[in-house]
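Reader: I should like to learn how a protein surface facing DNA is to be read. Please give the general idea first and then the case at hand.

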2 protein chains.
Amino acid sequence: MATIKEVAKEAGVSVATVSRVINNNGYVNDETRKRVEKAIQSLNYQPNDVARSLFKKQSQTIGLMVPDIMNPFFPELARAVEDTASKLGYTVILCNTDEDIEKEQMYLNTLLRKYIDGLIVVSNTLTAKQIKRLNVPVVTVDREISKDIPTIIVQNTAGGRMATRYLKEIGCERIAHLKGPDHIRNANERCCGYKEEVHNEPWFKEDYIIEGHYEMESAIKATYQLLTRYPDIDGIFAGNDIMAIGAIKAVHQLGKKVPDDVAVIGFDGIALAKAATPELTTIAQPIYEMGRMAANLLIDLIEKKKIEKTFYNLEVELVKRQST
Amino acid sequence: MATIKEVAKEAGVSVATVSRVINNNGYVNDETRKRVEKAIQSLNYQPNDVARSLFKKQSQTIGLMVPDIMNPFFPELARAVEDTASKLGYTVILCNTDEDIEKEQMYLNTLLRKYIDGLIVVSNTLTAKQIKRLNVPVVTVDREISKDIPTIIVQNTAGGRMATRYLKEIGCERIAHLKGPDHIRNANERCCGYKEEVHNEPWFKEDYIIEGHYEMESAIKATYQLLTRYPDIDGIFAGNDIMAIGAIKAVHQLGKKVPDDVAVIGFDGIALAKAATPELTTIAQPIYEMGRMAANLLIDLIEKKKIEKTFYNLEVELVKRQST
DNA sequence: TTGTACGCGTTATCAC
DNA sequence: GTGATAACGCGTACAA
């Protein structure tokens with residue numbers, strides 16, 4: 001890789017002039033600019049980002065911290081973030097944390113040492129204090145960490161209501177809820193929406209709410225138990241799509257049919273939901289849009305642009321498919 | 001962030017000494033080491049990676065270039081790469097290319113300018129020449145680019161044979177193949193394995209091979225056509241799991257049953273396959289293992305360790321589930 | 001065993 | 001309009 005010095009020599013000017021041409025600032029004669037540009041061409045010169053970063057204390061790089069990229073929600077988010085960032089001249093570092101405090105702290109340090117410009121984070125365990133220490137803009141997605149950290153979430157409670165109400169509308173008379181983990185806020189919110197819709201129903205029992213871990217195995221087991229104990233359940237609202245798919249499996253295992261005997265609705269709107277059989281009805285989050293907004297907001301923050309809002313509570317959408 | 005200079009002042013030594021204790025090389029008195037360490041503690045000093053990179057011309061960062069992280073094969077690969085890299089002190093930059101030559105070239109440039117230490121790449125379009133220009137170690141995964149670039153692939157032909165043979169074993173007498181895109185080598189290899197198993201069968205027709213794009217929609221359409229035209233097909237080997245799921249959908253649409261009327265087998269072993277209904281029988285690649293090996297190999301290359309092999313052709317495994 | 005001084009490739013400030 | 005030159009923070013000859 002050629003350096004700015006070599007370009008300067010080639011063009012018979014000083015490095016300062018080359019720098020001016022590259023960054024397009026300060027006065028420079030048209031004549032000399034041409035010469036410099038030719039030198040840049042012929043040496044195939046590319047500015048060294050590392051040297052630039054050292055001087056500017058920024059790296060045109062952002063971090064994306066997620067629990068686990070293998071969780072189907074995150075690839076779409078990551079894709080959106082990466083698309084948007086790269087369009088705006090930023091590069092993305094991928095961090096999987098498993099929500100493990102040590103891994104998170106480790107990554108925070110690494111990112112700091114690399115002069116990261118900003119961070120997009122999905123985490124329940126990270127504290128506002130740790131984030132402040134970073135001293136760079138941070139945007140949280142899918143989960144709130146603190147009021148004064150820019151956040152992009154969806155209307156989970158409304159979504160929970162929407163899902164439950166829809167099950168009622170299509171005729172379900174005993175609706176259970178497969179709740180997500182208790183320590184995750186959105187799981188409780190979705191559950192809240194469910195409760196608001198059913199707590200006045202004569203048939204409602206607290207036992208109709210059963211907790212899973214936002215993954216399939218536990219959802220299968222939970223559903224199995226639920227339906228064995230309460231065979232007249234005819235509708236299940238699962239806290240996320242993976243659990244909904246697990247629920248469908250359990251229903252089938254018990255020799256019942258989806259949606260005829262039991263209707264199932266999920267939450268998230270991951271791609272997987274379309275691939276399931278029967279195709280999953282779900283409350284879809286605008287996942288790509290969330291990633292796009294997070295990246296845009298973060299980069300506006302980094303570049304100190306005027307910001308309109310730093311808190312987005314996006315709407316969810318009922319996507320009717322075959323499982324209801 | 002404190003700098004090495006501040007630490008030096010705090011400890012009453014020179015920066016050189018501080019550098020020595022940080023990097024643990026050169027002589028340094030136990031006494032002074034203690035003092036320096038205390039200063040580091042009290043200032044919460046972290047070495048500046050950017051300055052380090054500038055000096056060392058390396059960044060403890062690798063690139064991971066994939067067509068699209070939303071494609072279910074890649075999250076697991078990415079997770080493996082990131083796990084392994086971070087364990088070894090490296091950070092991962094995520095690059096989605098859509099196999100678009102321009103995006104690839106753009107990323108190559110960016111990575112170069114960031115003193116990337118190495119690159120793991122999945123691509124059909126990238127040429128050996130472009131890769132050489134990078135001047136850093138590169139490992140390709142899932143697809144071969146050139147004989148002299150370290151590569152990790154699986155035995156696609158053997159896998160194709162294995163899938164087809166299994167369908168025969170379980171009694172299928174008219175087996176079709178949903179082939180992947182013609183420009184992707186592994187699609188042709190898998191198809192090859194299929195042909196080897198069926199070309200001597202009296203019932204075999206070239207028409208039993210039909211091309212899809214490694215995604216669901218085209219697979220559904222293709223299967224639909226296939227089964228309409230040749231209703232006696234009772235087994236389908238799909239080039240990847242997504243297409244297999246599409247095939248299952250099409251079979252259902254036609255009012256037939258999987259596996260009773262038509263058995264379906266996929267290829268890849270993505271997580272999605274377990275979530276499908278019926279659960280998908282597939283030829284599983286050791287995806288995580290491939291990512292792990294790629295990262296390990298790459299980092300060995302970067303650190304100029306002794307390398308045993310630079311070409312791995314891994315075995316695939318028949319995973320029997322409900323779709324056959 | 002420790003310190004001085006230079007270089008890594010840029011950018012920005014200040015003379016000219 | 002252009003050119004020296006001092007940072008940016010670190011690692012390492014070389015001298016002491």
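Reader: Of the atoms of DNA strand C within 4 Å of the protein, what percentage belongs to sugar or phosphate?

Author: A residue is near a strand if one of its heavy atoms lies within 4 Å of it. For DNA strand C, 64% of the atoms within 4 Å of the protein belong to sugar or phosphate, and the rest belong to bases. This is a predicted model, in which local features need pLDDT of at least 70, side-chain atom pairs count only at pLDDT 80 or more, and totals for chains, interfaces and linings use all residues. Residues are numbered from 1 along each chain as its sequence is written, chains are lettered from A and ligands numbered from 1 in the order in which they are written, and side-chain values use heavy atoms, with hydrogens and water left out.

Reader: How many residues surround DNA strand C, and which are the closest?

Author: DNA strand C is surrounded by 27 residues, the closest being A:Ile4, A:Arg52, B:Arg20, B:Asn29 and B:Lys57.

Reader: Which part of DNA strand C does a polar side-chain atom of B:Arg20 approach?

Author: A polar contact is a pair of N or O atoms within 3.5 Å. B:Arg20 places a polar side-chain atom 2.6 Å from a base oxygen of DNA strand C, whereas A:Ile4 has a backbone N or O atom 2.6 Å from a phosphate oxygen of that strand.

Reader: What are the closest residues to DNA strand D?

Author: They are A:Arg20, A:Asn29, A:Lys57, B:Ile4 and B:Tyr45. For B:Ile4, a backbone N or O atom lies 2.4 Å from a phosphate oxygen of DNA strand D.

Notes:
Polar contact = N/O pair within 3.5 Å; in protein donor to acceptor, adjacent residues only side chain to side chain.
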